[in-house]
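Dear colleague,

Please find below the sequence and the structure that I am handing over to you. My notes on what was found follow directly after them.

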Amino acid sequence: MAGPGAQLVSSFPVAKEPQKPRPKKVPELPILERRNWLIHLHYVRKDYDACKMIIKEQLQESHGMCEYAVYVQALIFRLEGKIQESLELFQTCSILNPQSADNLKQVARSLFLLGKHKAAIEVYNEAAKLNEKDWEISHNLGVCYMYLKHFNKARDQLNKALQLNRHDLTYIMLGKIYLLEGETDKAIEVYKTAVEFSPENTELLTTLGLLYLQLGAYQKAFEHLGNALTYDPSNYKAILAAGSMMQTHGDFDVALTKYRVVACAVPESPPLWNNIGMCFFGKKKYVAAISCLKRANYLAPFDWKILYNLGLVHLTMQQYASAFHFLSAAINFQPKMGELYMLLAVALTNLEDTENAKRSYEQAVALDQCNPLVNLNYAVLLYNQGDKKGALCQYQEMEKKVNVLKETSTLDFDPEMVDMAQKMGAALQVGESLVWTKPIKDSKSKQRAASGKPSSTQQPLGSNQALGQAMSSAAGYGKTIQLSSGVGISAPLAKPPSLPLEPEPGSETGPEETTEPQERRKEK
């Protein structure tokens with residue numbers, strides 16, 4: 001028996017507490033990547049000086065073999081504008097890691113920024129072999145081909161990019177290529193698809209509105225421009241376009257109110273001052289019009305539309321020498337436009353230089369196959385010089401153009417033009433006077449100019465220059481079709497991705513502004 005104080009031992013097994021596993025030791029990072037996290041931290045905070053110091057220490061420890069440190073150093077060089085240095089460092093990254101598509105994309109981007117588009121295409125093709133389904137590679141290849149004028153290849157690459165991933169920037173570039181080829185309808189279809197995909201993108205809405213405005217579809221233009229202003233009331237391009245629509249319909253005061261808003265955002269805009277000048281011209285404030293147009297000419301000295309308007313205003317003010325000066329300058333930049341030669345001939349006629357006026361009219365007749373005013377004004381000059389046979393020939397050419405316009409147009413001809421044509425017909429004894437019901441734009445001032453009485457009430461060419469200039473940016477030539485330089489940088493990635501390529505501002509011209517090679521005029 002158990003003695004007193006003895007304890008009974010249970011025959012059941014005692015459950016033991018499970019032992020906790022010993023924590024594993026965190027593996028040490030290799031020396032090549034020890035400070036990568038710190039480099040990335042300073043880079044996304046844009047503390048580039050501290051970042052460069054850490055990169056320098058890391059490269060010293062690793063004897064220049066740390067790929068990420070070299071990569072970020074190259075990105076910093078690019079931000080500082082040292083494109084060649086960044087190219088060399090990205091090439092070093094490609095040597096350290098030849099299987100990285102990101103490294104090749106950055107090499108190609110640096111080549112693109114240096115203007116070496118063919119070399120950039122070769123590198124992008126190498127990157128595409130490593131990653132066939134990369135949207136950026138296809139998009140950037142399309143941009144490079146566009147700069148080389150290989151539009152078919154550019155379209156193929158951009159369509160491929162859209163199949164991989166739909167992005168607003170790719171739609172914008174594809175529409176821009178169609179505009180460069182003069183296919184406005186296809187460009188509109190592309191932008192309509194883009195707006196359906198991204199209905200709040202004000203750049204796309206403004207672009208589409210401007211395209212409709214260019215085609216004369218004012219209701220659709222107003223709708224899209226209004227949507228753009230709904231999402232961004234300070235969108236100066238949409239405001240400028242809306243003002244130009246009001247100006248077209250003669251609401252000069254309302255248009256000027258809109259232009260005041262634009263002047264606060266972009267006070268150095270040539271289209272803005274051109275349109276303000278033509279508003280004053282419509283209000284018959286000619287001195288103010290010339291002042292604004294000369295400011296526009298100072299800001300854009302090679303814009304032929306501004307020079308055209310300056311010549312027109314000076315013709316209206318009967319300052320024929322000044323008109324000759326600006327119209328001659330406009331012809332140097334737009335040598336294939338018959339109306340410019342016609343107005344130049346009007347100025348020369350009033351300067352009593354008949355021989356050069358005839359030469360200018362001959363050039364206008366050769367270039368312009370649609371406008372009957374050219375032939376009518378030429379007929380008036382020849383008749384006044386006693387050349388009835390030549391005047392009759394030009395009158396008959398005018399009748400042919402009028403008959404064509406009757407079949408294709410719906411507007412009425414200017415009454416003064418009809419009156420002058422009837423008087424000319426009676427003087428030449430060519431039968432009954434014509435009854436015209438179909439149109440020719442810009443007729444009033446030119447007809448008055450032919451009779452020596454300039455007018456201020458016509459709608460001059462280029463008064464809606466906002467359309468031409470804004471189309472440049474809206475079609476992708478503009479300064480806002482770019483991704484932010486911070487895209488992808490603040491994300492916690494091992495390497496910031498390369499950005500899609502975008503055109504440099506102002507590097508291209510729109511199809512409505514392209515001109516044939518300049519031809520020097522041999523006139524006094």
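Does K46 count as buried or exposed? K46 counts as exposed, because its relative accessibility is 59%, above the 50% that exposure requires. Please bear in mind throughout that this is a predicted model.

K46 sits in the loop that runs between α1 (36-44) and α2 (48-62). Although K46 is not a glycine, its phi is positive, at about 60°. As background, most residues other than glycine have a negative phi. A second lysine is also worth your attention: K284, likewise not a glycine, has a positive phi of about 65°. K284 is located in the loop between α15 and α16 (286-299), and with a relative accessibility of 52% it counts as exposed.

Overall architecture

The protein chain contains 25 helices and zero strands. Of its 524 residues, 50% count as buried. If one takes the contacts between residues at least 6 apart in sequence, 60% of them join residues at least 24 apart.

The UniProt record, an unreviewed entry, places the feature "repeat: TPR" at residues 101-134, 168-201, 202-235, 304-337 and 338-371. In the model, residues 101-134 are 79% helix and 0% strand, with the end C-alpha atoms 9 Å apart. Residues 338-371 are 79% helix and 0% strand, and their end C-alpha atoms lie 9 Å apart.

Nonpolar cores

In soluble globular proteins, nonpolar side chains tend to be buried together. Here the largest nonpolar core has 68 residues, of which Y259, I276, L315 and L340 touch the most other members. Helix α19 (residues 338-350) gives the most to this core, namely nine residues. For L340, the contacts beyond its neighbours within four places in sequence are W304, Y308, L327, A330, I331 and Q334. There is also a second, separate core of 64 residues, which includes V70, Y71, I76 and L211.

Aromatic pairs

A pair of aromatic rings is described by the distance of the centres and the angle of the planes. The count in this model comes to seven aromatic pairs. In one of them, F112 and Y147, the ring centres are 5.7 Å apart and the planes stand at 70°, so the pair is edge-to-face. Because F112 belongs to helix α5 (residues 101-113) and Y147 to helix α7 (residues 135-147), this pair ties together parts that are 35 residues apart in sequence. Both F112 and Y147 are buried.

Y361 and Y378 form a stacked pair, with 5.1 Å from centre to centre and 15° between the planes. This pair links distant parts of the chain, since Y361 is in helix α20 (residues 354-367) and Y378 in helix α21 (residues 372-384), 17 residues apart. Y361 is buried, with a relative accessible area of 2%, and Y378 is buried at 7%.

Helix α21

The helix that carries Y378 may be described further. Helix α21 has 13 residues and reaches 19 Å from its first C-alpha to its last, close to the 18 Å expected at 1.5 Å a residue. Because 11 of those 13 residues are buried, α21 is largely enclosed by the rest of the structure. Among the buried residues of α21 are P372, L373, N375, N377 and L382. At the start of α21, a side-chain oxygen of N371 comes to within 3.0 Å of the backbone nitrogen of L373. Just after α21, G386 takes a positive phi of about 90°.

The surroundings of W273

How is W273 placed: buried or exposed? W273 counts as buried, because its relative accessibility is 15% and the limit for burial is 20%. This tryptophan is found in helix α15 (residues 270-282). Apart from neighbours within four places in sequence, W273 is in contact with P267, C292, L293, R295, A296 and L299. With P267 there is a polar approach as well: the backbone oxygen of P267 lies 2.8 Å from a polar atom of the W273 side chain. W273 and A263, which are 10 residues apart in sequence, have their C-alpha atoms 8.8 Å apart in space.

With kind regards

Methods:
Residues are numbered from 1 along each chain as its sequence is written. This is a predicted model: local features need pLDDT of at least 70, side-chain atom pairs count only at pLDDT 80 or more; totals for chains, interfaces and linings use all residues. Side-chain values use heavy atoms; hydrogens and water are left out. Helices (H or I, at least four residues) and strands (E, at least two) are DSSP runs, numbered from the N terminus. Buried means under 20% relative accessible area, exposed over 50%, partly exposed in between (1.4 Å probe, protein chains only). Contact means heavy atoms within 4.5 Å. A polar contact is a pair of N or O atoms within 3.5 Å; within protein, one must be able to donate a hydrogen and the other to accept it, and residues adjacent in sequence count only if both atoms are side-chain atoms. UniProt positions are given in the numbering used here, feature names are shortened, and annotations may be inferred rather than shown by experiment. Rings of Phe, Tyr and Trp (its six-membered ring) pair if their centres lie within 6.5 Å; planes under 30 degrees apart count as stacked, over 60 as edge-to-face and the rest as tilted. A nonpolar core is a set of buried Ala, Val, Leu, Ile, Met, Phe, Trp, Tyr and Cys residues joined through side-chain atoms within 4.5 Å. The expected span of a helix is 1.5 Å times one less than its number of residues.
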